[in-house]
Amino acid sequence: MRYRGGVPYRSDEARSRIEHVAATGNLRGLPELLPFLPPHAHPLGDQAAAAVDKLLRAASPRDLARLDGWFRSERARFPEAPDFHNLVIGGHAWDPHRHRGVTALATFHWDGRVRDSAVASIAELDDAYTIPVLLVRLNDWVDAVHDRAHAALATRVETTFAEAWASALPLLDRLDTAARRSAVIAHLRKRVDAMLVSPPARAALLAAAANAHDVMVRRAAFMRARLVEDPDVRALVVRAAGGGDPVTATWACKALFGTAAQPGPADVAMSLSLFKTQRSGALRAMSLEAAIRTGGAEASPTLREAIHDDLSVVREVARFALTKLEQWKPADFAAAYKARLASSAARATAGSAEGLAEVASTDELDVLRSLVEHENARFRAAGWVGIGRVDPSPKISDFERALADPSREVRRAVRPYARRLMGKGVAL
């Protein structure tokens, strides 16, 4: 017996190699197990079949989908692969209940007849891990294979398989975008979604959204769970809003603070806390708007600090709110920015300089000219933008100096004002 490198296996080497492949969990190691699998009459056949079963059970649905294309494209490199055609030409060479992993592996075969017979055998099993295997075959280009896979999956849309369905959601979502048999796949997806949000299966969906190792599984499960009226879902959404995944955090903040949401007074503290912890400017702006709608005066200290935020969208929201709630004028904002820039007690940030450039008038020209000498490029860029906005008699020599700045950020910021001053025909 030889493996794909053509090098003979000694029995002790073969046994240790099978154990190593099973321990790594890498599906790319499957070819090294092929020479031992049934129907080859090899003493290590049962051990190799158990290793295949372990690998396929541990694989994520997305790994199985990638294995499908890779296994077929690499078939020329596996001359010692088992003759899976025995599944078709008469009598199963192995019991699908005993060698489940081998039967699942046969569903990835390059011959449609083998896939069809293997899917028929998989359909007889009640293992949860058959669901992602059947989902891969749901988009099969052979109609008979697709029909068998669809019939088997349709009978498995039950709460007893909820955990397996929740883990396979990314694969189901990817299939839903396929042009081939899109109507059938979309109908199956609707059935699965309705089953997963139902009370008997909801716990499995929430567990996947909160604890799944694969981030794509967490996102797909959270997307379905976030709008369900349930105290556990609410707690999950609150945790996700402050979590590290920007996608689920965005969906959570939209569910909590979006235009369709109705946050209550109890949400003020939470929204203000999220504003301070979120790194995304769009989410900080969303949580700040929620605090404004529900908190009013309670949000005022945060608003006064938010006008110095590094992101313009947050500064704009804060200035708009202070204008409405406390009747601030542009001069008030300019004074706050100048005070922060001149203060030795509070560390001036680039947000303060950029905010001043956004609201400055001619009274702030001296401060803006001092910013263009700053060592930080963002401060220099803000100074030139402010000068470009409010200077009544700009000098071409000044903007030529700005265009020679070593920082690309400064050159990019000043270019529109220089072009307005020098004319569009000048190459900048």
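## A residue to start with

Leaving aside its neighbours within four places in sequence, which residues is Thr107 in contact with? They are Arg115, Ala118, Val119, Ile122, Val133 and Arg137. To find Thr107 in the structure, look at the loop between helix 5 (100-106) and helix 6. Thr107 has a relative accessibility of 1%, so it counts as buried, the cut-off being under 20%.

One of those contacts, Arg115, has something else to show you. Its charged end sits over the ring of Trp141, 4.3 Å from the centre of that ring.

## The whole protein

Keep in mind that you are looking at a predicted model. The protein has 25 helices and zero strands. Of its 428 residues, 50% are buried. Now take the contacts with a separation of 6 or more: 62% of them are between residues 24 or more positions apart.

How confident is the prediction? The mean pLDDT of the protein is 80, and 82% of the residues reach 70 or more. Over residues 1-9, however, the pLDDT is below 50, and this stretch has 22 contacts in the model beyond near neighbours in sequence. Residues 87-92 also stay under 50, with 13 contacts beyond four places in sequence. Please read these two stretches with care.

## Helix 8 and its buried side

Helix 8 covers residues 143-154, which makes twelve residues. From its first C-alpha to its last it reaches 16 Å, close to the 16 Å expected at 1.5 Å a residue.

Which residues of helix 8 are buried? They are Val145, His146, Ala149, Ala152 and Leu153. These residues cover an arc of only 135 degrees around the axis, and therefore lie on the same side of helix 8. Several helices help to cover them, including helix 6 (112-123), helix 7 (130-138), helix 9 (162-167) and helix 11 (182-197).

## Helix 10, largely enclosed

Further along the chain comes helix 10, which spans residues 169-176. Six of its eight residues are buried, so helix 10 is largely enclosed by the rest of the structure. The buried ones are Leu169, Pro170, Leu171, Leu172, Asp173 and Leu175.

## Two aromatic pairs

A pair of aromatic rings is described by the distance of the centres and the angle of the planes. How many such pairs does a search of the whole structure find? There are two.

One pair is formed by Trp328 and Phe333, whose ring centres are 5.0 Å apart. Their planes are at 45 degrees, so this pair is tilted. Trp328 has a relative accessible area of 14% and is buried. Phe333, at 4%, is buried too.

The other pair is Trp384 with Phe399. Here the centres are 5.8 Å apart and the planes are at 45 degrees, so this pair is tilted as well. The pair links distant parts of the chain, with Trp384 in helix 23 (residues 377-390) and Phe399 in helix 24 (residues 396-403), 15 residues apart. Both Trp384 and Phe399 are buried.

## A loop residue with a positive phi

Finally, have a look at Gln327, in the loop between helix 19 (312-326) and helix 20 (330-342). Its phi is near 55 degrees, a positive value in a residue other than glycine. Is Gln327 buried or partly exposed? Gln327 has a relative accessible area of 48%, so it counts as partly exposed.

Notes. Residues are numbered from 1 along each chain as its sequence is written. This is a predicted model: local features need pLDDT of at least 70, side-chain atom pairs count only at pLDDT 80 or more; totals for chains, interfaces and linings use all residues. Side-chain values use heavy atoms; hydrogens and water are left out. Helices (H or I, at least four residues) and strands (E, at least two) are DSSP runs, numbered from the N terminus. The expected span of a helix is 1.5 Å times one less than its number of residues. Buried means under 20% relative accessible area, exposed over 50%, partly exposed in between (1.4 Å probe, protein chains only). The arc is that of the directions from the helix axis to the C-beta atoms. Contact means heavy atoms within 4.5 Å. pLDDT is the predictor's confidence in each residue, from 0 to 100. Rings of Phe, Tyr and Trp (its six-membered ring) pair if their centres lie within 6.5 Å; planes under 30 degrees apart count as stacked, over 60 as edge-to-face and the rest as tilted. A charge sits over a ring if NZ of Lys or CZ of Arg is within 6 Å of the ring centre and within 35 degrees of the ring normal.
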